[in-house]
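Thank you all for making the time this morning. I would like to talk through one model with you, and I will keep to how its helices and strands are arranged.

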Amino acid sequence: MATGPLTGIRVIDMTQVLAGPSATMLLADLGADVIKVEPPGIGDLSRLAQFDKGGINSTVANNNRGKRSIQIDLSTDAGRDLGLKLLAGCDAAVQNMRPGVADSLGLGYEHAAAVNPDIVYCSMSGYGSTGPYAGRAAYDPIIQAVTGYVALQVNPEVPIPDLVRNGIIDKASGWMAALAIVSALFARIRGGGGQHIDLSMLDTAVQFLWPDGGMADTLLDDDATEGRRLSTLYRLTPCADGHIVYFVVSDKQFHGLYRALGRTDWIDHEHWSTHEGRRGRSEDLGELLEEEFAKWKVSDLVPRMHENSVPCGEVTAVEDLHDDPQIRHNETLVEWDHPTAGRLRQARLAPRFSATQPDFRTSVPQLNEHAGEILAELGLDAGEIEEFRRAGAVF
């Protein structure tokens, strides 16, 4: 039996690749029944990704766990009719087709609301449903480029702009969509009825960036004081045999760093002791610190830094995360066996609920795996299902 705060909520997922599927998997992780509607042929484009076994690849697994899959050709009249039947019986629906496509198929918000006035319908797009960029194709790295992420992603020691090398905007958009859908469902419970949510990756990217990335562009009056962007303070620090990341701000933290490095003489230093003394001398101190860090092995220095309450961490490879003591204690990563893909390791839903903790759903759908049961749930008998198959709507 399903568990979780969204138990009893049904979601129709008409999305592909990462942003949309990550949103609906969050809803599935929270207990919702998510029906993934995939197009004819290969289905979701992410089914072409690598790292695969037994018809399941890691991208599909990490964005579609806990869902059910049905393949429908929504471009056919019969497929549209099936799509409307699904929309009529759901609580929420999500689509990330280019603006106007869902409407042209007869499956946009107005069509969905006509058969289900209480539906919460989320349209996800790259740039927005209207405007000069609305028709452009959009992928995560492109949105990173046009919203400031690449410009900020500069190592001062290698001053070349770079990408954040994971789908950060896709995933942020997925989290934002899930939050918006749950909020709209809550509003519906309070009498607000159904509604349309219009969410763009562009807007999400700028909102996600702004709290720290926009710190130098928030106060617009000429008499606002100057400062350093947070991005310029992030450093990767080389040691004798690897790298660590540390971040110190207060005098107490600086003094702890000096102790860890064996430079207690700096604690009472004329310049290095206090914030006022260090002001304007960060480059000089940085060069001295770099010399000290280079004398230490990571495994020797990091424990000393923690003992002195210095915020720090060694640079850890993704493949080593499962051995991290805190990750193991938190049971952040779950290992389970899929019938065709074999042994999987995945991240669980991060929050823990004291009263409605969701089960970790050990399932990833093969393409069209649940077509029969989903069609039966629509009240279709064998003859009617066969008619839809002859019409090319289902497979």
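I will take the two sheets and then the helix contacts, and please keep in mind throughout that this is a predicted model.

Let me begin with the six-stranded sheet, which is open, runs in the order β5-β2-β1-β6-β7-β8, and has parallel pairing. Its edge strands are β5, residues 68-71, and β8, residues 195-200, each of which pairs on one side only. If we ignore strand direction, neighbouring strands of this sheet are turned against each other by 20 degrees on average. Within the sheet, β1, covering residues 10-14, pairs with β6, covering residues 92-95, in the parallel sense over four bridges, and if you want a place to find that pairing on the screen, look for Asp13, which stands opposite Val94 in β6.

The other sheet I want to show has three strands, in the order β9-β10-β11, and it is again described as open, with antiparallel pairing. Here β9 (237-238) and β11 (312-314) stand at the edges with a single partner strand each, so one side of each is left without a neighbour in the sheet. Between β10 and β11, which run antiparallel, there are three bridges, and Val245 is found opposite Gly313 in β11. Helix α13 packs on this sheet, where it touches both β10 and β11, and its direction makes about 15 degrees with that of β10.

That brings me to the helix contacts, and to α10 in particular. Which residues of α10 are buried? They are Phe254, His255, Gly256, Leu257, Tyr258, Ala260 and Leu261, and what covers them includes β10 (243-246), α11 (275-278), α12 and α13 (298-307). Just after the helix, Gly262 takes a positive phi of about 80 degrees.

Two of those covering helices deserve a closer look. With α12, residues 282-293, the axis of α10, residues 251-261, comes within 10 Å, and the two cross at roughly 35 degrees in a left-handed sense. The residues that meet are Phe254, Leu257, Tyr258 and Leu261 from α10, and Leu285, Leu289, Glu292 and Phe293 from α12; by class, this contact divides into seven nonpolar residues, no polar ones and one charged.

With α13, on the other hand, α10 packs at an angle of about 145 degrees, the axes being 8 Å apart, and the crossing is right-handed. From α10 the contact draws on Leu257, Arg259, Ala260 and Leu261, and from α13 on Leu301, Arg304 and Met305, which by class gives five nonpolar, no polar and two charged residues.

Finally, I turn to α1, residues 19-29, and α8, residues 168-192, whose axes come within 7 Å and cross at roughly 45 degrees. That angle makes α1 oblique to α8, and the crossing of the two is right-handed. On the α1 side the contact involves Ala19, Ser22, Ala23, Leu26 and Leu27, while α8 contributes Asp170, Lys171, Ser173, Gly174, Trp175, Ala177, Ala178, Ile181 and Val182. How many residues of each class does this contact of α1 with α8 have? There are nine nonpolar, three polar and two charged residues.

I will stop there and gladly go back to any of these contacts on the screen.

How values were computed:
Residues numbered from 1 in each chain as written. Predicted model: local features only at pLDDT ≥ 70, side-chain atom pairs only at ≥ 80, totals over all residues. Heavy atoms only, no water. Axes fitted to C-alpha atoms, helices over the stretch in contact; angles between N-to-C directions. Parallel < 35°, antiparallel > 145°, perpendicular 65-115°, else oblique. Left-handed = near helix turned anticlockwise from the far one by under 90°. Contact = heavy atoms within 4.5 Å. Nonpolar A, V, L, I, M, F, W, Y, C, P; charged D, E, K, R; others polar. Buried < 20%, exposed > 50% of the residue type's maximum accessible area, 1.4 Å probe, protein only. Pairing = 2+ DSSP bridges.
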